[in-house]
Amino acid sequence: MIIIMHPHVTEGEIQGVELKLESLGLKAHVSRGVERTIVGAIGDERKIHKESLQALPGVEEVIRIVKPYKIVAREWHEADTVINLSGVPLGGKAIQVIGGPCSVETPAQMELSAQGVAQAGCRLMRGGAFKPRSSPYAFQGTGVEGLEMFRAAAAKYQLPIVTELMDVRMLEVFMEYQVDVIQIGTRNMQNFDLLKEVGKIHTPVVLKRGLCATVSEWLMSAEYIAAGGNHNIILCERGVRSFETAYRNMLDVSAIPFLKKETHLPVIVDPSHAGGKAWMVPALSKAALAAGADGLLIEMHPTPCDAWCDADQALTPQELSRLMAELRPLAQVLGRELTN
Ligand code: PEP
Ligand code: MN
């Protein structure tokens with residue numbers, strides 16, 4: 001941390017900063033220039049509130065020099081992390097596509113969905129049994145019964161399941177149903193108590209980006225999970241809220257190469273919630289892979305117009321198969337692999 005002092009700082013004020021740093025367990029290194037005096041704080045600055053120094057007399061500005069996150073930062077772990085999702089690797093050379101409906105509806109819908117996901121060549125399946133809806137009057141998900149339907153349908157095709165956890169009280173039930181990958185949705189990206197709880201287990205977590213979250217806030221949320229001991233974290237960009245109203249969200253393609261540089265964790269993209277329209281999904285999927293994404297999370301429904309949730313953005317099983325066929329040669333050109 002670097003503390004820049006006011007131009008007319010007094011010796012007493014400089015001493016005040018030195019004493020404060022010492023009381024916080026850091027060492028001070030004072031460098032007196034012609035115009036300015038700068039105090040360098042030596043030690044682990046992550047434990048220190050910038051504000052507690054900023055408020056001291058004579059201090060003009062406090063600048064952090066290390067990143068606020070550590071475990072998830074690439075500077076602490078150079079190699080790409082590959083996560084084992086019940087036998088399916090995510091990260092590294094392989095690209096994985098997680099396909100499935102927005103929500104778990106009926107056993108028949110789940111059976112057809114699982115069949116469609118497997119036939120398209122996806123190795124993982126998604127589906128929400130607990131749905132975060134803007135309206136309390138909208139369909140809220142089929143709950144535990146939904147988990148049951150999901151497990152049964154996916155097991156038939158040996159597909160590991162990805163499903164959203166909204167309430168910490170359901171974690172035990174998720175464990176009982178052996179949920180392979182827990183999704184923490186956009187609206188819960190900063191539900192810190194929920195993050196701490198999934199940090200205590202080893203089940204892989206897909207952490208979606210908050211509606212208006214900066215990349216740094218998102219990585220801090222990942223750090224919450226990692227700090228508890230669970231390093232099996234996958235980041236999922238799903239579009240952010242913007243001034244544009246023509247489509248659901250704005251896919252932040254720039255975040256993908258940025259994250260790949262900043263963190264060793266795998267990064268996937270959800271083109272369905274980004275565009276909010278089925279016809280946009282192929283283009284956004286290709287953009288995501290070209291930008292370096294390690295996988296995709298795509299909504300598919302056996303009959304989209306009958307979907308109980310997000311009907312507009314669901315691909316048909318045939319459309320998913322077609323998209324997979326288009327993505328395979330693209331993956332190859334990019335030096336990646338999309339296999340089934
Ligand atoms: C979902 O994946 O079904 C979902 C609700 O996504 P998000 O949290 O990105 O809105
Ligand atoms: Mn959805």
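A residue counts as buried when its relative accessible area is under 20%, and as exposed when that value is over 50%, with partly exposed in between. Keep that in mind for this tour of a predicted model.

**Stop 1: the whole protein**

Start by showing the full chain as a cartoon. You should find 11 helices and 14 strands. The C-alpha atoms fill a box of roughly 75 × 45 × 40 Å along the principal axes. Of the 340 residues, 51% count as buried. Now switch on the surface: about 15400 Å² is exposed, and carbon and sulfur atoms supply 55% of that area. If you colour by charge, you will be looking at 34 positive and 39 negative charges, whose mean positions are 2 Å apart.

**Stop 2: two domains**

Give residues 2-63 one colour and residues 74-338 another; these are domain 1 and domain 2 in the domain assignment. How far apart do the C-alpha centres of domain 1 and domain 2 lie? The answer is 44 Å.

**Stop 3: Ile2 in domain 1**

Select Ile2, which sits in strand E1 (residues 2-5). Is Ile2 buried, exposed or partly exposed? Its relative accessibility is 29%, so Ile2 counts as partly exposed. Next, show its partners as sticks: beyond neighbours within four places in sequence, Ile2 is in contact with Ile38, Val39, Glu61, Val62, Ile63 and Ile65. You can also draw a distance from the C-alpha atom of Ile2 to that of Ala28, 26 residues along the chain, and read 9.7 Å.

**Stop 4: the manganese ion**

Move to ligand 2, the manganese ion, and show the residues around it. Which residues coordinate the manganese ion? They are Cys102 through SG, His273 through NE2, Glu299 through OE and Asp310 through OD, at 2.0 to 2.4 Å. Along the sequence, these donors follow the spacing C-x170-H-x25-E-x10-D. Glu299 belongs to strand E14 (residues 295-299), while Asp310 is in the loop between E14 and helix H11 (317-333), so this pair ties together parts that are 11 residues apart in sequence. Both Glu299 and Asp310 are buried.

**Stop 5: helix H8**

Finish by selecting residues 255-262, which form helix H8. Highlight Ala255, Ile256, Leu259, Lys260 and Glu262, the buried residues of this helix. What do the buried residues of H8 pack against? Colour these elements to see: helix H7 (215-227), strand E12 (233-237), strand E13 (267-269) and helix H10 (281-290).

How values were computed
Residues are numbered from 1 along each chain as its sequence is written. Chains are lettered from A and ligands numbered from 1 in the order in which they are written. This is a predicted model: local features need pLDDT of at least 70, side-chain atom pairs count only at pLDDT 80 or more; totals for chains, interfaces and linings use all residues. Side-chain values use heavy atoms; hydrogens and water are left out. Buried means under 20% relative accessible area, exposed over 50%, partly exposed in between (1.4 Å probe, protein chains only). Helices (H or I, at least four residues) and strands (E, at least two) are DSSP runs, numbered from the N terminus. Contact means heavy atoms within 4.5 Å. Accessible areas come from the Shrake-Rupley method with a 1.4 Å probe; for residues, only the protein chains shown count as cover. Lys and Arg count as positive and Asp and Glu as negative; His and the chain ends are not counted. The place of a charge is taken as NZ of Lys, CZ of Arg, CG of Asp or CD of Glu. Domain bounds come from an automatic or database domain assignment. Donors are N, O and S atoms within 2.8 Å of the metal (3.2 Å for Na, K and Ca); water is not among the atoms, so sites may look incomplete.
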